[in-house]
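Q: I have a protein model open in front of me and I'd like to learn how to read it. Could you walk me through a few features?

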Amino acid sequence: MQTRNGPLGPNAAAIPTRFSEPVHVGRPNIGDRRAFLRRVEEILDRRWLSNNGPMVQEFEQSIAKRLGVRHACAVCNGTVALEIAIRAMNLQGEVIVPSYTFVATAHALRWLGLTPVFADIDPITHNLDPEAAENAITPRTTGIIGVHVWGRPAPIDALQAIADRHGLALIFDAAHAFGCTFRDTSIGNFGRCEVFSFHATKFFNTFEGGAITTNDDALAARIRLMINFGFSGYDNVIEEGTNGKMIEVCAAMGLTGLESLPEVVAVNRRNYDQYRVELDGRSGIRILEYDPLTNPNYQYVVAEVDPNCPRSRDELVADLHSMNVLARRYFWPGIHRMLAYREAFAATGAYLPQTEAVADRVIVLPTGSTVTSSTVSTICQALLQTR
Ligand code: T4K
């Protein structure tokens, strides 16, 4: 619901509307409640709540089938999934990653005692720049983690060629890319493995959750052991493992969500198209494009603010926040500039000019099933009025 508020300071004339409830970027999409609750009843009746239960097995099979991949291993969240993938592939020393990604990509490495080496991105696609990635290789490098930022496929062929040339492992962080394709093959089939996030804020969620997908049987077997403390049957621990298990209720949410995925994508697409029509190019604001051939999920509406825009990116974000529209500056300021990283990576910024420039110009706008067409219009008007 929108309410007219009184003046909001110097920009009052430019900000006509304040929403009474916050308009979030990542409001969860909830599937058919009855179908979900029916599944929960089943879980309760069965008294099997976790530990590779039937719901998780069905969920894994559904994911694997949908992506056309041999193995989909459900995990409690995307971050733990990344950690398990990194351990299962024996990565050590240095691993090349973008700094322009959610902090979890680098955290997973550091948490395991590895060193993320940040390489710059392509300013157009926001994905890892293969040349920069290759230049960052040292004798200590053991792998590359490419990220399909915003669901747009990373430069898969080029990164695979670099990995092959230098004997490196290649993982993709596919947290944003569920349902997307690259040359008609689903994301989830590339590198040695790919890692998805099904966090509440993703267009497809399991409350918390994630999955590792791979076509490598041996790797999948190891990942499965690691997800469950390394247990191979009762009393028999044959791997160092952790507790990465997805629980049954999360799988129930996932199975339910899969049933309404096309509608969610359609709403995202509608919102995305509307933002583009109402906003694109005007007042120095450009909406990042998706290639329809890659089956985008349109879960992120990414606006880039040009230097010729009369208001800065941060001023526009402040304007939106004052309307209760909680637009985000993902992935500002870049991981290498975050407090937990900047001391250890003080010299890194010099190598990441595109990362810093992109991080300083992006606004991620609200979308998803709770964002109506009228809300999109109001947001666009506000952005255009702040000239
Ligand atoms: N790799 C990449 C490339 C990723 O983007 C992510 C996660 C990961 C790895 C790690 O996967 P997970 O371990 O998370 O499965 C959010 C999400 O927490 C995070 O999952 C996501 N990426 C990242 C891009 O966005 P925050 O800290 O910005 O989210 P937060 O908590 O501020 O939520 C966003 C908005 O959504 C808020 O304004 C409130 C709203 N919201 C949130 C939740 C949780 C709701 O309305 N309902 C909710 O239940 O990180």
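What follows is a chat about helices, rings, burial and backbone angles in this structure.

Q: What kind of model is this, and how are its residues numbered?
A: It's a predicted model, where local features need pLDDT of at least 70 and side-chain atom pairs count only at pLDDT 80 or more, while totals for chains, interfaces and linings use all residues. Residues are numbered from 1 along each chain as its sequence is written, and side-chain values use heavy atoms, with hydrogens and water left out.

Q: What do labels like α9 or β5 stand for?
A: Helices (H or I, at least four residues) and strands (E, at least two) are DSSP runs, numbered from the N terminus.

Q: At roughly what angle do the axes of α9 and α13 cross?
A: Axes are lines fitted to C-alpha atoms, for helices over the stretch in contact, and the angles run from 0 to 180 degrees between N-to-C directions. Here, helix α9 (residues 261–279) and helix α13 (residues 373–385) have axes that come within 10 Å and cross at roughly 30 degrees. Angles under 35 degrees count as roughly parallel, over 145 as roughly antiparallel, 65 to 115 as roughly perpendicular and the rest as oblique. So α9 and α13 are roughly parallel to each other.

Q: Which residues make that contact between α9 and α13?
A: Contact means heavy atoms within 4.5 Å. On α9 the contact is made by Arg270, Asn271, Gln274, Tyr275, Glu278 and Leu279, and on α13 by Ser373, Val376, Ser377, Ile379, Cys380, Leu383 and Leu384. Sorted by class, that gives seven nonpolar, four polar and two charged residues. For the classes, Ala, Val, Leu, Ile, Met, Phe, Trp, Tyr, Cys and Pro count as nonpolar, Asp, Glu, Lys and Arg as charged, and the others, Gly among them, as polar.

Q: How do the axes of α3 and α4 cross?
A: Their axes come within 9 Å and cross at roughly 50 degrees. That makes α3 oblique to α4. The residues in contact are Thr79, Leu82, Glu83 and Ile86 of α3, together with Ala104, Thr105, Ala108, Leu109 and Trp111 of α4.

Q: Which residues of α4 are buried?
A: Buried means under 20% relative accessible area, exposed over 50%, and partly exposed in between (1.4 Å probe, protein chains only). In α4 (residues 104–111), the buried ones are Ala104, Thr105, Ala106, Ala108 and Leu109. Their cover includes α3 (78–88), β5 (94–98), β6 (115–119), β7 (141–147), β8 (169–173) and α11 (339–342). Right after α4 comes Gly113, with a positive phi near 85 degrees.

Q: How many aromatic pairs are there?
A: A pair of aromatic rings is described by the distance of the centres and the angle of the planes. Rings of Phe, Tyr and Trp (its six-membered ring) pair if their centres lie within 6.5 Å; planes under 30 degrees apart count as stacked, over 60 as edge-to-face and the rest as tilted. By this rule there are 21 aromatic pairs. One of them is Tyr100 with Trp150, an edge-to-face pair at 6.2 Å centre to centre with 75 degrees between the planes. Tyr100 sits in the loop between β5 and α4 and Trp150 in the loop between β7 and α6 (156–166), so this pair ties together parts that are 50 residues apart in sequence. Trp150 also forms a stacked pair with Phe331, 5.1 Å centre to centre and 15 degrees between the planes. That one links distant parts of the chain, 181 residues apart, with Phe331 in the loop between β15 (325–326) and α11.

Q: Are Trp150 and Phe331 buried or exposed?
A: Trp150 is buried, and so is Phe331.

Q: Where are the cis peptide bonds around Phe331 and Pro333?
A: A cis bond joins Tyr330 and Phe331, with omega about -10 degrees. The bond from Trp332 to Pro333 is cis as well, with omega near 5 degrees. Pro333 is in the loop between β15 and α11.

Q: What is phi like at Asn51 and Arg183?
A: Asn51 has a positive phi near 55 degrees, though it isn't a glycine. Asn51 lies in the loop between α1 (33–46) and α2, and at 40% relative accessible area it is partly exposed. Arg183 isn't a glycine either, and its phi is positive at about 45 degrees. Arg183 is in the loop between β9 (181–182) and β10 (185–186), and it is exposed, with a relative accessible area of 56%.
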